[in-house]
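The exercises that follow are meant to be worked through with the structure open beside the text. Each one sets a task and then gives a solution in steps.

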Amino acid sequence: MEIRVLKYFLMVAREENITKAAELLHLTQPTLSRQLMQLEEELGVKLFHRGKHRITLTEDGMLLRRRAEEIVSLSEKTKEDLRRKREQLAGKITIGSGELQSSQFLAELITSFQEQNPMVQFEFYSGNADNIKERIERGLLDMGLLQEPVDITKYSFIRTPVKERWGVLVRSDSELAAKESVRPEDLAGVPLIMPARENIQNELLNWLGADMEQLHVAASGNLQYNMAILARSQSSCVLTLDLDCSYNGLCFVPFSPKMETGTVLVWKKIQAFSPAVQAFMEHAKKCVLGINED
């Protein structure tokens with residue numbers, strides 16, 4: 001499969017019309033049709049359902065679309081890395097991160113690095129630790145800022161100096177909102193919205209001194225904003241990190257006894273990185289070392 005042909009395929013899948021796709025690609029319609037037929041022959045599958053006015057993807061076509069998007073994205077990222085200027089460090093660094101207090105630390109690292117290397121660009125992907133690790137493994141991300149607990153045996157890492165504080169996000173008119181801190185017994189019978197990651201759920205269950213069957217779990221999720229809106233709507237309680245975010249009608253109350261988790265900046269142990277990524281890794285190590293020495 002050629003990258004060029006995969007781009008043709010993605011354009012047709014997007015437009016659902018070969019004539020329109022051919023115009024956008026500056027090809028003739030017969031040429032584009034021939035390329036698609038050759039692709040189907042090469043793969044030995046039918047990629048499209050062809051109708052009179054539009055074409056749609058088959059199940060095999062939908063699978064190829066997902067894979068083709070990843071392949072084309074990785075191809076473009078590789079080209080970006082190779083097009084850097086020799087006289088000045090340049091290129092793109094892709095980093096995945098969750099919703100964390102540590103994001104401020106990461107932002108400070110990037111700012112100080114770009115002051116010395118203004119030609120380097122950063123691209124962010126937001127997700128939880130599992131999403132980010134998967135994209136690192138597929139080569140779509142250079143690095144990831146992960147919330148612990150997380151398995152990092154396959155990665156090199158830097159532990160950040162930031163601790164993430166846990167608590168609840170509740171409606172301002174609830175009884176819990178009037179407390180200085182929330183204890184496990186305060187949450188008995190309260191509808192809870194839990195983080196989606198199993199490792200984090202286990203940490204919370206240890207703090208609560210309960211198992212899932214003993215709790216009233218109303219929902220789970222991985223983005224605080226969406227969980228906050230749900231909590232405000234149904235008077236449930238989000239078990240979440242203190243992110244210094246403000247939501248109308250909601251307030252954050254910390255756990256007692258306190259619960260804190262760490263974060264790590266990770267990258268693959270055995271992988272060839274661009275000069276820009278290597279330089280940023282060294283910069284991050286020096287910054288963390290300087291903080292620890294202070």
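**Exercise 1: strand β3 and its neighbours**

Start from the bridge that pairs Ser97 with Ser126 of β4, and work out how strand β3 is placed in its sheet.

Solution. The model is a predicted one, in which local features need pLDDT of at least 70 and side-chain atom pairs count only at pLDDT 80 or more, while totals for chains, interfaces and linings use all residues. Residues are numbered from 1 along each chain as its sequence is written, and side-chain values use heavy atoms, with hydrogens and water left out.

Step 1. Strands here are DSSP runs of E of at least two residues, and helices are runs of H or I of at least four, numbered from the N terminus; two strands pair if DSSP finds at least two bridges between them. Strand β3, residues 91-97, runs parallel to β4 and is joined to it by seven bridges, one of which sets Ile95 against Phe124.

Step 2. Between these two strands the chain passes through helix α5 (residues 102-116), in a β-α-β crossover that is right-handed, a term meaning that, with the strands pointing away from the viewer, the path from the first strand over the helix to the second runs clockwise.

Step 3. Toward β5 (residues 143-147), β3 is again parallel, with three bridges, and here Ser97 stands opposite Leu145.

Step 4. The open sheet of five strands therefore reads β4-β3-β5-β13-β6, with mixed pairing. Because β4 (120-126) and β6 (155-159) each have a single partner strand, they stand at the edges, and one side of each is left without a neighbour in the sheet.

**Exercise 2: aromatic pairs**

Which rings join Phe122 in a cluster, and how is the pair of Phe122 and Phe280 arranged?

Solution. Step 1. Rings of Phe, Tyr and Trp (its six-membered ring) pair if their centres lie within 6.5 Å, and planes under 30 degrees apart count as stacked, over 60 as edge-to-face and the rest as tilted. Ring pairs link Phe122 with Phe113 and Phe280 into a cluster.

Step 2. The centres of Phe122 and Phe280 are 5.2 Å apart and the planes meet at 70 degrees, an edge-to-face pair. Phe122 lies in strand β4 and Phe280 in helix α9 (residues 275-293), 158 residues apart.

Step 3. Buried means under 20% relative accessible area, exposed over 50%, and partly exposed in between (1.4 Å probe, protein chains only). Phe122 counts as buried because its relative accessibility is 17%, and Phe280, at 0%, counts as buried too.
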